[in-house]
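Dear colleague,

I am handing over the structure we spoke about, and I would be grateful if you could look through it with the notes that follow.

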Amino acid sequence: MDCLVINGGHRLRGTLRVSGAKNAALPIMAAALLADGPSTIEDVPDLHDIQSQIDLLKMLGAEVVRTGSTIRIEVKDTGNSHAPYDVVRKMRASICVLGPLLAKRGIARVSMPGGCAIGDRPVDLHLRGLEALGASIDLENGDIVAKAKRLHGGAIFLGGNFGSTVLGTANVMSAATLAEGTTVIESAACEPEIVDLANYLRAMGAKITGDGTPRITIEGVTSLRGASHRIIPDRIEAGTFMIAAAITNGELQIDNVRPDHLMAFIDKLRAIGVIAEESGTGVIVSSQRNLRAVSLTTQPYPGFPTDLQAQFMALLTTADGNSIITEKIFPDRFMHVAELSRLGARIHREGPTVIVEGPRQLIGAPVMASDLRASAALVLAGLAARDTTTVNRVYHIDRGYEKIELRLKAVGADIQRKDEKDID
Ligand code: EPU
């Protein structure tokens with residue numbers, strides 16, 4: 001298994017380009033199953049999760065050809081509509097084939113996803129939404145089996161105890177494009193990835209309005225054509241690079257960024273004293289130590305994203321004072337706390353809230369990545385730490401960041417990928 005070995009303390013300087021968004025690409029690739037012709041998706045990052053989605057689409061009868069960062073998807077055979085446990089276990093986002101398969105083929109069998117390192121992750125809202133469109137849903141041998149001759153429009157409330165659901169909104173919105181009549185999703189997720197999916201679906205001929213707001217209206221059509229689409233920049237990768245600049249007191253020009261997708265995050269960066277300025281199609285981020293503590297709460301978009309909570313926590317260990325972080329989306333998403341503590345951070349957890357005491361000089365140590373964003377937080381902490389940090393189980397980071405070590409190296413980080421066996 002690979003690990004990342006980081007000798008910290010180097011200021012990062014230079015330019016980085018952000019890739020297309022993984023969390024936009026995954027549901028968009030699934031939605032290509034709705035089309036009657038080929039779709040071309042551009043700026044798709046080269047990540048393990050994307051490869052898993054390609055493998056799944058092939059299993060479901062699509063021909064998928066990747067040329068650089070462009071993927072062409074065309075359904076050739078509709079005989080198999082089963083996403084088995086082996087695939088869903090590896091990548092929870094496989095659930096986003098449920099809506100497209102059901103709407104296009106009248107049947108979908110998708111293994112029920114389990115929990116994961118960031119906590120319980122139910123899919124009740126996805127299922128309630130599809131039921132409201134007229135699907136019958138059963139659980140057979142661990143598979144969700146959804147059936148409907150033709151879906152019909154309906155009014156659907158997708159709010160749960162933790163806000164809306166992003167992939168649930170993607171599933172119901174995708175399915176409703178081919179339903180008979182009009183669907184209104186109330187308490188829809190407003191994330192930019194949902195707007196990106198709606199843009200792709202519209203290019204295919206779908207009639208959708210209101211995406212980006214809590215009420216999305218979809219007027220069903222009888223068929224959709226293939227379309228070309230370019231994926232939006234990954235706001236979470238952009239945020240991670242911005243923190244990399246700040247935590248190393250460096251200065252990075254980060255290209256292919258939509259600052260309007262990161263307003264809550266940039267607001268907090270500025271509140272602690274980081275300088276972030278828009279420049280062309282990106283941002284320039286720099287910092288001169290002397291960061292201040294802050295309190296923040298993760299929330300559905302446009303609030304502070306849960307997917308940047310771990311990375312921001314790493315940064316706050318270097319800020320002066322007690323910071324308070326409350327996690328409102330996944331209240332158990334704190335696997336990184338114990339690992340950051342191994343690097344010398346002082347963090348106290350009380351339920352969904354942690355207090356980060358700073359500033360602390362982090363000191364390198366071997367640490368274990370538990371999930372994608374926790375791994376990113378540990379890499380960031382390693383960049384700031386004195387001595388050597390070894391981040392084990394780095395396959396988590398490969399799920400969401402393309403060639404992270406090469407890109408960080410190019411802007412001055414001392415970071416190398418090694419086989420865990422070769423580490424003393
Ligand atoms: N929830 C329910 N019932 C459901 C669905 C969700 O109670 O049927 C709850 C969840 O347990 C959670 C909250 O609603 O408390 C929000 O979950 P959501 O469904 O929005 O999460 P998701 O769609 O499964 C996506 C991203 C996650 C990101 C979340 C929240 C993808 C592939 N994944 O997951 O990204 O954290 O939205 O923004 O888009 C990551 O990239 O590291 C990642 C985990």
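**Notes on the model**

Pro302 lies in the loop that runs between β18 (295-297) and α10 (309-316), where helices (H or I, at least four residues) and strands (E, at least two) are DSSP runs, numbered from the N terminus. Please keep in mind that this is a predicted model, in which local features need pLDDT of at least 70 and side-chain atom pairs count only at pLDDT 80 or more, while totals for chains, interfaces and linings use all residues. Residues are numbered from 1 along each chain as its sequence is written, and side-chain values use heavy atoms, with hydrogens and water left out.

To return to Pro302, the peptide bond that leads to Pro302 from Tyr301 is cis, with omega near 10 degrees. A second cis peptide bond joins Gly358 and Pro359, with omega about 0 degrees, and Pro359 is found in the loop between β21 (353-358) and β22 (366-368). Asn249, in the loop between α8 (235-247) and β15, has a phi near 55 degrees, which is a positive value in a residue other than glycine. As background, most residues other than glycine have a negative phi, and most peptide bonds are trans.

**The ligand and its shell**

The ligand is surrounded by 24 residues, and the closest are Asp124, Leu125, Thr165, Asp307 and Ile329; a residue is counted as near if one of its heavy atoms lies within 4 Å. By type, the residues of this shell divide into 11 nonpolar, 5 polar and 8 charged, where Ala, Val, Leu, Ile, Met, Phe, Trp, Tyr, Cys and Pro count as nonpolar, Asp, Glu, Lys and Arg as charged, and the others, Gly among them, as polar.

Which helices supply at least two residues each of the shell? They are α1 (22-31), α5 (124-132), α6 (166-176) and α12 (372-384), and α5 gives the most, with 3 residues. The shell also draws at least three residues from each of domain 1 (2-19 + 233-422) and domain 2 (22-230), with bounds that come from an automatic or database domain assignment.

Three side chains each place a polar atom by an oxygen atom of the ligand: Thr165 at 2.6 Å, Arg373 at 2.8 Å and Arg333 at 3.3 Å. Taken alone the ligand exposes 830 Å², and the protein buries 90% of that, with accessible areas from the Shrake-Rupley method and a 1.4 Å probe.

**Two open sheets**

One open sheet has 4 strands in the order β2-β15-β17-β16, with mixed pairing, where two strands pair if DSSP finds at least two bridges between them. Its edge strands, which pair on one side only, are β2 (13-17) and β16 (275-279). On average, neighbouring strands of this sheet are turned by 20 degrees against each other, direction ignored; the axes are lines fitted to C-alpha atoms, and angles run from 0 to 180 degrees between N-to-C directions. β2 pairs with β15 (residues 251-255) in the parallel sense over 5 bridges, and Thr15 stands opposite Gln253 in β15.

Another open sheet, also with mixed pairing, is formed by 4 strands in the order β4-β5-β3-β14, and β4 (62-67) and β14 (228-230) are the edge strands. Neighbouring strands in this sheet are turned by 15 degrees against each other on average, direction ignored. Here β4 and β5 (residues 70-75) pair in the antiparallel sense over 6 bridges, with Val64 opposite Ile73 in β5.

With best wishes

Key. A polar contact is a pair of N or O atoms within 3.5 Å; within protein, one must be able to donate a hydrogen and the other to accept it, and residues adjacent in sequence count only if both atoms are side-chain atoms.
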